[in-house]
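Here is a short report on a protein–DNA model. It covers the DNA contacts, then the interface between the protein chains, then one sheet.

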There are 2 protein chains.
Amino acid sequence: MSDATTELDAHAAVLRRFNRGYTQRVGALDDSFLGTGMPLGAARLLFEIGAEPGTTRALRSRLGLDSGYLSRLLRRLESQGLVAVVPDTADGRLRRVDLTPAGRRAWDDLERRSGDRARDLLGPLTARQRARLAAALAEADLLVRAATVTLEPVDPLAAPARAAVAAYVAELDERFPGGFDPGDSGSADAHRLRPPSGAFVVATSDGAPVACGGVQPLGDGRGEIKRMWVHPAWRGAGLGSRLLRHLEGVSRDLGHDEVRLDTNGTLVEAVAMYERAGYRRVGRYNENPYAEHFFAKRLA
Amino acid sequence: MSDATTELDAHAAVLRRFNRGYTQRVGALDDSFLGTGMPLGAARLLFEIGAEPGTTRALRSRLGLDSGYLSRLLRRLESQGLVAVVPDTADGRLRRVDLTPAGRRAWDDLERRSGDRARDLLGPLTARQRARLAAALAEADLLVRAATVTLEPVDPLAAPARAAVAAYVAELDERFPGGFDPGDSGSADAHRLRPPSGAFVVATSDGAPVACGGVQPLGDGRGEIKRMWVHPAWRGAGLGSRLLRHLEGVSRDLGHDEVRLDTNGTLVEAVAMYERAGYRRVGRYNENPYAEHFFAKRLA
DNA sequence: GACATTCTCTGACCTTAGTCAGACGAATGC
DNA sequence: GCATTCGTCTGACTAAGGTCAGAGAATGTC
């Protein structure tokens, strides 16, 4: 058994120990719903509606519920006067759900109880230990979120890709000394970033884009990685390296035996990451005015 | 609203954010039981039996189950050939439960699945990030355990107190250059450490003692804190300060207006903690040959 | 305008989880 | 030796959670 395996096992054991102890002690937080006398399912639904009202369809996918079951839960909340269900004006098949004033009060009550429980748990700790616990949980939260985010292939002109690229462009515009003008490259080059010639990948968490990147053909069996971006709040959790590895795999699957990319010197973290990932510097291979560093890596 | 309150609220918010994200992503770990086709309750029971076989009574208290319900679950596992239930030889009312070879295989299967899940979660992370996550979870685990441990008053000669004091004595014996001999003080002084003259407190976690301490009367409205000890693995989580504060409260409730204690210079963490907690140094007030530092604190 | 699709809702049905009251046998106190 | 206590087990019951197969209305497609 290799060192890497034993290391993984040791960390998995820590994770399991944490899970066991934590759910036993803090898992009661979920039962805080029960303090309201409302069944767990109904309370979860009420909470979700309050957090983000919308169509029953969206609720169904967010909570992973059967449509018949959701319908019944909604009717129950409706009969208690907590939610209002009305047909969608645009599409008469859909229903829109929102809280009534009474429902908002019940929601506030849930929030308050949940906060009380959290404060009760922290109560016995000193301020310094609370800060340590919060820091540890924030770190764990970031890493777990990064580890569980899924990289989905999407059309480069579809909504998730547009949102991610917009964030990418906005960041470059802010960080580059002279700003950044993407020109019309977005829609004009879209066909090169979609099958069969290329691909575009977006990672979303709770509906918001947190990372993206694409591969387009360069000719001569080469691929080029474009528009790679990771949400600032998600950096330092390995999402960038993971995305890069993923895109290399995509490029390989497209039949390329080498992948290239360019970047600007302002993006120091990116340059460091490419070097860590085994990229070697090559000469300029395009006319991109923003590009200052050029990298290439052979695909196994 | 004071700074202390906003600080607490901020940390509570981190805790809640973690809970929400974590249970959503990793909470599925509990459902790993479901991967076996066994209902959650039965799987939990099987797991507990495998972890520590014993009487149904012990299982009932560990899992918090109704006796009728437990009986039914056991019969179910029995009919599947996974557990064996036999009357206790000493007390014919009790039943002893253990796994059959088939049950042990099912238990190993649960373990394997749980480990696989944990490894799958860690898989996308690099070794460095896995180490960071494991460190963060271990820190959070320690602090949460310390925050949720309860301090129970017990008789100084009862089993939990004996176990804790034995650990305390063993540690002093190891750390003191010339070893430590408690003499007969244990049973002879016991009456001073129990109501109405004094008290003894033990903190246990999963059945094992993790901290202890007692208060005995010194006369003249003074109390003395004795045999204060925190399990080495639990240090650095504020359990010591919490226990100390708790014992001060116990002393106050016993009618004391000052509390004293002695300690050995080898125990540097303890000395530092007493000073942090507002104790002032006083002259020798007893003949304890192991005591080098003497402290006192007025109780509000 | 016909047809397929999409969506919500209802009824029927099932398992799981859990509670409660009492029966029965074993142990304990006197 | 007898009453009491303790522990297990059974039957009866309930609520929650969830699945499945349509009915029926609205919408999109040709």
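A residue is near a molecule or strand if one of its heavy atoms lies within 4 Å of it. This is a predicted model, where local features need pLDDT of at least 70, side-chain atom pairs count only at pLDDT 80 or more, and totals for chains, interfaces and linings use all residues. Residues are numbered from 1 along each chain as its sequence is written, chains are lettered from A and ligands numbered from 1 in the order in which they are written, and side-chain values use heavy atoms, with hydrogens and water left out.

**DNA strand C**

There are 22 residues around DNA strand C, and A:Thr56, A:Arg72, A:Arg75, B:Tyr69 and B:Gly92 come nearest. Of the strand C atoms within 4 Å of the protein, 75% belong to sugar or phosphate and the rest to bases. By class, the surface near DNA strand C has five nonpolar, six polar and 11 charged residues. Here Ala, Val, Leu, Ile, Met, Phe, Trp, Tyr, Cys and Pro count as nonpolar, Asp, Glu, Lys and Arg as charged, and the others, Gly among them, as polar. The largest share of this surface, five residues, comes from α4(A). Helices (H or I, at least four residues) and strands (E, at least two) are DSSP runs, numbered from the N terminus.

**DNA strand D**

DNA strand D also has 22 residues around it. A:Gly92, B:Thr56, B:Arg57, B:Arg72 and B:Arg75 come nearest. Sugar or phosphate accounts for 73% of the strand D atoms within 4 Å of the protein, and bases for the rest. Charged residues number 11 on the surface near DNA strand D, beside six polar and five nonpolar ones. α4(B) supplies the largest share, five residues.

The table lists polar side-chain contacts to both DNA strands. A polar contact is a pair of N or O atoms within 3.5 Å; within protein, one must be able to donate a hydrogen and the other to accept it, and residues adjacent in sequence count only if both atoms are side-chain atoms.

| Residue | DNA atom | Distance |
|---|---|---|
| A:Arg60 | phosphate oxygen, DNA strand C | 3.0 Å |
| A:Arg72 | base oxygen, DNA strand C | 2.8 Å |
| B:Arg76 | phosphate oxygen, DNA strand C | 3.5 Å |
| B:Arg60 | phosphate oxygen, DNA strand D | 3.1 Å |
| B:Arg72 | base oxygen, DNA strand D | 2.7 Å |
| B:Arg93 | sugar or linking oxygen, DNA strand D | 3.3 Å |

**Chain A against chain B**

In this interface, 56 residues of chain A contact 56 residues of chain B (heavy atoms within 4.5 Å). The two chains bury about 5500 Å² between them, 62% of it on carbon and sulfur atoms. Buried area is the accessible area (1.4 Å probe) that two parts lose on being put together, summed over both.

The rule finds 10 salt bridges across the interface (a side-chain nitrogen of Lys or Arg within 4 Å of a carboxyl oxygen of Asp or Glu). One of them joins B:Asp141 to A:Arg17, with the closest N and O atoms 3.0 Å apart. There are also 14 residue pairs in polar contact, both at pLDDT 80 or more. On chain A, α1 (3-25), α5 (101-122), α6 (127-148) and α9 (239-253) each supply at least two residues of the side that touches chain B. α6(A) gives the most, with 18 residues. That side of chain A has 26 nonpolar, 13 polar and 17 charged residues.

**The sheet in chain A**

Three strands of chain A form an open antiparallel sheet in the order β1-β3-β2. Two strands pair if DSSP finds at least two bridges between them. β1 (54-55) and β2 (83-87) stand at the edges with a single partner strand each, so one side of each is left without a neighbour in the sheet. β2(A) pairs with β3 (residues 95-99) over five bridges. Among the residues of β3(A), A:Arg96 is the bridge partner of A:Val86.
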